[in-house]
Amino acid sequence: MKFVIQRVAHASVTINSKIEGKIQKGFLVLIGIEDNDTEKIADKMVSKMTGLRIFEDEAGKMNLSLKQVNGGVLLISQFTLYADCRKGNRPSFIRAGKPEMASHLYEYIIKKCKEQDLQVEQGIFGADMKVELLNDGPVTILLDSHELTGTENG
């Protein structure tokens, strides 16, 4: 599982010319899921993401968490995070999770974030989405379950 976390001043997702989700200060999180991911892995990823202290405190140091700044999260499924570009010019997405399983885990991640008493907005799994954001910093963090768990398979 991969989370690309962008600290934003604001972000939104539009589907079919309608804004489906919108936040002010917080995280825009692009979520990639592979076939061997599990709810247990999702729990670790959500815990790490929501605990990240990457907002500035009064001294200008990245020291505050999402909750401490009353931030929101905008969660977007993005299978292209598992693009394999090693051969040729057309990426392979063979490592991306199969839609039924990935959709289940995406919804599970949304549920887990809501349990954290955060403002949670989301895109629609599998939809053609237009995502707008103002990256604050810029600050972008990549969380990879393989690194977080110390295993090859997450």
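Is Asp-136 buried, exposed or partly exposed? With a relative accessibility of 29%, Asp-136 counts as partly exposed, because that class runs between under 20% for buried and over 50% for exposed. Keep in mind throughout that this is a predicted model.

**View 1. Asp-136 and Arg-7 meet in a salt bridge.** The two side chains come together at 3.5 Å, N to O. Asp-136 belongs to strand E8 (residues 130-144) and Arg-7 to strand E1, so this pair links distant parts of the chain, 129 residues apart. The two ends don't share a setting: Asp-136 is partly exposed at 29% relative accessibility, whereas Arg-7 is buried at 4%. A search of the whole structure turns up seven salt bridges, and two others appear in the views below.

**View 2. Strands E1 and E2 form a hairpin.** Here strand E1 (residues 2-15) runs antiparallel to strand E2 (residues 18-23), and five bridges join them. If you want a spot to start from, try Ala-11, which stands opposite Ile-23 in E2. Then follow the chain to the turn, where two residues sit between the strands. One residue to look at in that turn is Asn-16, with a positive phi of about 50 degrees. As background for looking at any strand, side chains in a regular one alternate between the two faces of the sheet.

**View 3. Gln-24 sits in the loop after E2.** That loop runs between E2 and strand E3 (26-32). Which residues does Gln-24 contact, leaving aside its neighbours within four places in sequence? They are Val-8, Ala-9 and His-10. For a sense of scale, look at Thr-14 too: its C-alpha atom and that of Gln-24 are separated by 15 Å, with the two residues 10 apart along the chain.

**View 4. Arg-95 and Glu-34 join two loops.** Their side chains meet in a salt bridge at 3.0 Å, N to O. Arg-95 comes from the loop between strand E6 (72-77) and helix H2 (99-114), and Glu-34 from the loop between E3 and helix H1 (39-51), so the pair ties together parts that are 61 residues apart in sequence. Arg-95 is partly exposed, with a relative accessible area of 40%, while Glu-34 is buried at 5%.

**View 5. Glu-34 again, this time with its other contacts.** Besides the salt bridge to Arg-95, Glu-34 has a polar contact of 2.5 Å between its side chain and that of His-146. Leaving aside neighbours within four places in sequence, the residues in contact with Glu-34 also include Met-1, Tyr-82, Ala-96, Gly-97 and Met-101.

**View 6. Arg-86 and Asp-84 pair up in a salt bridge.** The side chains meet at 2.6 Å, N to O. Arg-86 is exposed, with a relative accessible area of 72%.

**View 7. Two cysteines, Cys-85 and Cys-113.** Is Cys-85 buried or exposed? At 56% relative accessibility, Cys-85 counts as exposed. Cys-113, by contrast, is buried, with a relative accessible area of 0%. How many disulfides does the model hold? The count comes to zero, going by the rule that the two cysteine sulfur atoms must lie within 2.5 Å.

Terms used. Residues are numbered from 1 along each chain as its sequence is written. This is a predicted model: local features need pLDDT of at least 70, side-chain atom pairs count only at pLDDT 80 or more; totals for chains, interfaces and linings use all residues. Side-chain values use heavy atoms; hydrogens and water are left out. Two strands pair if DSSP finds at least two bridges between them. Helices (H or I, at least four residues) and strands (E, at least two) are DSSP runs, numbered from the N terminus. Contact means heavy atoms within 4.5 Å. A salt bridge is a side-chain nitrogen of Lys or Arg within 4 Å of a carboxyl oxygen of Asp or Glu. Buried means under 20% relative accessible area, exposed over 50%, partly exposed in between (1.4 Å probe, protein chains only). A polar contact is a pair of N or O atoms within 3.5 Å; within protein, one must be able to donate a hydrogen and the other to accept it, and residues adjacent in sequence count only if both atoms are side-chain atoms.
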